[in-house]
Amino acid sequence: MADTSDTRTPAQIEADIKRRREMLAETLDEIGVRVHPKTIVGDAKAKVVSNVDHTLGRAYVQVNRVVSQVKASFVDDEGSPRLERVVPVALVAVGVVGLLVLGTRRRKG
């Protein structure tokens, strides 16, 4: 047989009940806020923004790596340009721009 005797006074029991009700009211308020549609939408938006930020951050790192690699191929260790690589690329760029300019002039005329 279990001992069910309680040594608390009725005033202590009432205080415990009151405290428990206040705790339950706070818990219900938290639940109400968490399941509110605006809160759910806000949480979903925050999760999407976080994922986008993470993806953009990874893309930025990748682009930075590629730019560093390209720069390293056109600049030597001292920071001066490698003419044997810069000159051919510059000539190709000038040629492409020239062809584009000639192409647009022929269409107008």
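**View 1. Ile40 in helix α2 of the predicted model.** Start with Ile40, which sits in helix α2, the element spanning residues 37-74. How exposed is Ile40? Its relative accessibility is 46%, so Ile40 counts as partly exposed, a class that runs between under 20% for buried and over 50% for exposed.

**View 2. A nonpolar surface patch that includes Ile40.** Here Ile40 joins Leu28, Ile31 and Val35 in a nonpolar patch on the surface. Together these side chains make up about 390 Å².

**View 3. Val41, also placed in helix α2.** Val41 has a relative accessibility of 45%, and therefore counts as partly exposed. How far apart are the C-alpha atoms of Val41 and Ala11? They are separated by 45 Å, with the two positions 30 residues apart along the chain.

**View 4. The whole protein chain, for orientation.** Stepping back, you will find three helices and zero strands, in the order α-α-α along the sequence. The radius of gyration is 36 Å, well over the 13 Å from the globule rule for 109 residues, so the chain is more spread out than a compact globule. Its C-alpha atoms fill a box of roughly 100 × 45 × 25 Å along the principal axes. Of the 109 residues, 0% count as buried. The chain exposes about 10100 Å², and carbon and sulfur atoms supply 63% of that area.

**View 5. Confidence along the predicted chain.** The mean pLDDT is 89, and 94% of the residues reach 70 or more. Among the elements, helix α1 (residues 10-34) has the highest mean pLDDT, at 95, while helix α3 (residues 83-108) has the lowest, at 88.

Note on methods:
Residues numbered from 1 in each chain as written. Predicted model: local features only at pLDDT ≥ 70, side-chain atom pairs only at ≥ 80, totals over all residues. Heavy atoms only, no water. pLDDT = per-residue confidence, 0-100. Helix = DSSP H or I, 4+ residues; strand = E, 2+ residues; numbered from the N terminus. Patch = residues over 30% accessible without salt bridge, like charges linked within 9 Å, V, L, I, M, F, W, Y side chains within 5 Å. Areas by Shrake-Rupley, 256 points an atom, 1.4 Å probe, with all protein chains shown as cover. Salt bridge = Lys/Arg side-chain N within 4 Å of Asp/Glu carboxyl O. Buried < 20%, exposed > 50% of the residue type's maximum accessible area, 1.4 Å probe, protein only. Rg over C-alpha atoms; globule rule 2.2 N^0.38 Å.
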